[in-house]
Amino acid sequence: MSSQFNFKVENLSADSQIISFRGYLDETAQLPSYESLANLKSLVFNFDGSRIINSSGIKMWVQLMSQLALLKDLKIVFQNCHPLILDQINLIEGFLPKNAEVESLYVMLFCEKCEKEFDVCKKVSDIRPGLGMAIRDLKELDCENFPECRKFITLDMHPDKTLSFLRRTKETK
Ligand SMILES: [Zn+2]
């Protein structure tokens, strides 16, 4: 089931890049080289295609981030973080470097009536008051009787721990 880790680079301008990850970040993964990133001012990491990570992958990632953290002119954005990526952001010092912020993440939901799991991708700015905002803001869902189901929908992740990284990062304006 594991898929080979890879990444796609999109150049927005000479000093602005989006890098989209796919697959399993483990010891066989090839990360972008520091040299290829060192002259950027804006860098987006899109984690949409990468939900799984292991300890060797984490080590490689943190090493690259520790180098990028020293680049004063660089601003990094993490997009579309799945729960396993968020766990690392929350638990591993340096996984999210000081010059980076999380822009969007997946909130896991569960409908107790339909007994179905869902995830919705939310901007961090929209859920800053609390993860429950993700339920309040739901517009449609792939479950039997939405919106009647709304009152049966609960968070399927820890409301405080999930956002604990926010306490370490500055409020974005
Ligand atoms: Zn439902």
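In what order do the three strands of the open sheet stand? The order is E7-E6-E8, and the pairing is antiparallel. Before I go on, remember that this is a predicted model.

Let's stay with that sheet. Strand E7 covers 116-123 and strand E8 covers 153-155. Both stand at the edges. Each has a single partner strand, so one side of each is left without a neighbour in the sheet. From one strand to the next, the twist averages 35°. E6 and E8 pair over three bridges, in the antiparallel sense. If you want one pair to look at, take Leu 109, whose bridge partner in E8 is Leu 155.

Now the strands that come earlier in the chain. Strand E1, residues 6-13, is joined to E2 by seven bridges. Those two run antiparallel. A hairpin of two residues links E1 to E2. Across that pairing, Phe 7 stands opposite Phe 21 in E2.

E2 also pairs with E3. How many bridges join them? Eight, and here the strands run parallel. Ser 16 has Ser 42 in E3 as its bridge partner. So much for who pairs with whom. As a reminder, strands of a sheet pair through backbone hydrogen bonds, either parallel or antiparallel.

Next, the domains. The domain assignment gives domain 1 as 1-102 and domain 2 as 107-173. Their centres, taken over C-alpha atoms, are separated by 24 Å. Where do they meet? Eight residues of domain 1 are in contact with ten residues of domain 2. On the domain 1 side, H3 and E5 each supply at least two of the touching residues. H3 gives the largest share, four residues. By type, that side of domain 1 divides into five nonpolar, two polar and one charged.

That brings us to the core. The largest nonpolar core has 33 residues. Which members touch the most others? They are Phe 78, Cys 81, Ile 89, Leu 96, Val 102 and Val 107. Several elements each supply at least two core residues, including strand E2 (16-25), strand E3 (42-53), helix H2 (55-68) and helix H3 (83-91). Strand E4 (75-79), strand E5 (100-102) and strand E6 (104-111) do so too. E6 supplies the largest share, five residues.

Why does this core lie between domain 1 and domain 2? Because both domains give residues to it.

Take Leu 96 as an example from the core. Leaving out residues up to four places away in sequence, Leu 96 touches Phe 78, Ile 89, Val 102 and Phe 165. Phe 78, Ile 89 and Val 102 are also on the list of core residues that touch the most other members.

One last residue: Val 62. You will find Val 62 in helix H2. Is Val 62 buried, exposed or partly exposed? Val 62 has 17 C-beta neighbours inside 10 Å, so it counts as partly exposed. The cut-off for buried is 20 or more. Its contacts, not counting residues up to four places away in sequence, are Ile 92, Gly 94 and Phe 95. Compare Ser 42, the E3 serine from the bridge with Ser 16. Val 62 and Ser 42 are 20 residues apart in sequence. In space they are 19 Å apart, C-alpha to C-alpha.

To close, go back to the core on your screens. Start at E6, which gives it five residues. Then follow it across, since it lies between the two domains.

How values were computed
Residues numbered from 1 in each chain as written. Predicted model: local features only at pLDDT ≥ 70, side-chain atom pairs only at ≥ 80, totals over all residues. Core = buried A, V, L, I, M, F, W, Y, C linked by C-beta atoms within 7 Å. Buried ≥ 20, exposed ≤ 12 C-beta atoms within 10 Å, placed from the backbone. Domains from an automatic or database assignment. Contact = placed C-beta atoms within 7 Å. Nonpolar A, V, L, I, M, F, W, Y, C, P; charged D, E, K, R; others polar. Pairing = 2+ DSSP bridges. Axes fitted to C-alpha atoms, helices over the stretch in contact; angles between N-to-C directions.
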